[in-house]
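Reader: Before accepting the descriptive terms applied to a structure, I should like to see the reasoning behind them. Could we go through several in turn?

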Amino acid sequence: MNRTLRIVLSIAISVVFLTIAVWNVDWRQAGAALARAHYIYVVPMFLVTVWTLYIRAQRWRLLLRPLGNPPMGTLIAATNIGFMANMVLPLRAGEVIRPVLLSRKEREPLGGVLATIVLERIFDMMMVLLLFGVSFVAVPVSDEVRRWGYFVLFTAVAVAAGVAAIRWQEATALRLLARAVARAPASVGHHLDHFFRGFIRALEILDNPWTFLQAIAWSLYLWIVIASTYFWGLLAFDLPVPWVVGSLVITSLIAIAVSAPSAPGYIGAFQVGCALALGLFGISESDAFAYSIVLHLTQFAGTIAAGLYSLTREGMTFQQIEHVSETDGAAT
């Protein structure tokens, strides 16, 4: 699928999501919710958004340890610029821009740096599944939904165990891969072999069990801090939602929603995630939409501010960042 088609498809998906999010919104009610919100809580929301970028840079430093020891200033700049690019450029361009910037400045091998990005996504997936499972076990829902919560919680633990097993039983994993590839059609087998070997190379960065546990701890810390953003939002709108459980539910459902392809800034997907999460607690779609607007704009502003700060510090222009996304993005 070429770049233009992927951009068109991601925008179309965002339009669908946004349409779903506003379909039953009472605009008067949403406006009233925005009018009575306590905007003083935007300050901690903004600061926490910026803080999560710093935590991401710290976790990235851990994963980069086998490749070298880049200074925190470089990691923070690449992280800030990369996540800003995700907000304003299509196709999550920041996921490519971030490792390319680090690789160029520190002369680290791009393949190894890209592997750390893959690892980040793996740990993020585990944490989102964990939060999703825990929150749906704790929230007062039907028995069927709670069973799904237990299933997702079990899946998160199984993913973590599977990642650990593959890392420290690499030879066995490669033998099993060879058997699977031998039974699959040639075209499928080639892609399966390429993906899985790349995945194993990424896991080699976890050189010992202690590093693995540290990465899990950093990831858990990161997602708890992210959840605190939604906690401040609950206070801002005086929503009758349990603070801890509600924040975890909102965090997990938004994370799942924005993982789908969408326009820059996760427009539409973010609003759908808020509506689904708050709907579980009986919050109307109108109030949920108002909540989503303030949270989304605050996170957008925090991420853009951090990115622009780092662009200025690094003496770069936005045009240079766009060039990186178009050239190196196409290559990867």
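Reader: What makes Asp-238 count as buried or exposed?

Author: This is a predicted model. Asp-238 has a relative accessible area of 54%, and exposed means over 50%, so Asp-238 is exposed. Asp-238 belongs to the loop between helix 10 (209-237) and helix 11, and its phi is positive, about 50°, although Asp-238 is not a glycine.

Reader: How do you know whether Tyr-266 is buried or exposed?

Author: The relative accessibility of Tyr-266 is 15%. Buried means under 20%, and Tyr-266 therefore counts as buried. Tyr-266 lies in the loop between helix 11 and helix 12 (269-279); with a phi of about 60°, Tyr-266 has a positive value although it is not a glycine.

Reader: Why is helix 6 called oblique to helix 11?

Author: Helix 6 and helix 11 (residues 243-258) pack at an angle of about 135°, their axes 8 Å apart. Angles over 145 degrees count as roughly antiparallel and those from 65 to 115 as roughly perpendicular, the rest above 35 being oblique; the angle of about 135° therefore makes helix 6 oblique to helix 11. The residues of this contact comprise 11 nonpolar, three polar and no charged.

Reader: Which residues have the most contacts inside the largest nonpolar core?

Author: They are Ile-97, Phe-237, Leu-278 and Tyr-291, in a core of 91 residues. Helix 6 (residues 110-138) supplies the largest share of this core, 13 residues. Leaving aside residues up to four places away in sequence, Tyr-291 touches several residues, among them Phe-237 and Leu-278.

Terms used
Residues numbered from 1 in each chain as written. Predicted model: local features only at pLDDT ≥ 70, side-chain atom pairs only at ≥ 80, totals over all residues. Heavy atoms only, no water. Core = buried A, V, L, I, M, F, W, Y, C linked by side-chain atoms within 4.5 Å. Buried < 20%, exposed > 50% of the residue type's maximum accessible area, 1.4 Å probe, protein only. Helix = DSSP H or I, 4+ residues; strand = E, 2+ residues; numbered from the N terminus. Contact = heavy atoms within 4.5 Å. Axes fitted to C-alpha atoms, helices over the stretch in contact; angles between N-to-C directions. Nonpolar A, V, L, I, M, F, W, Y, C, P; charged D, E, K, R; others polar.
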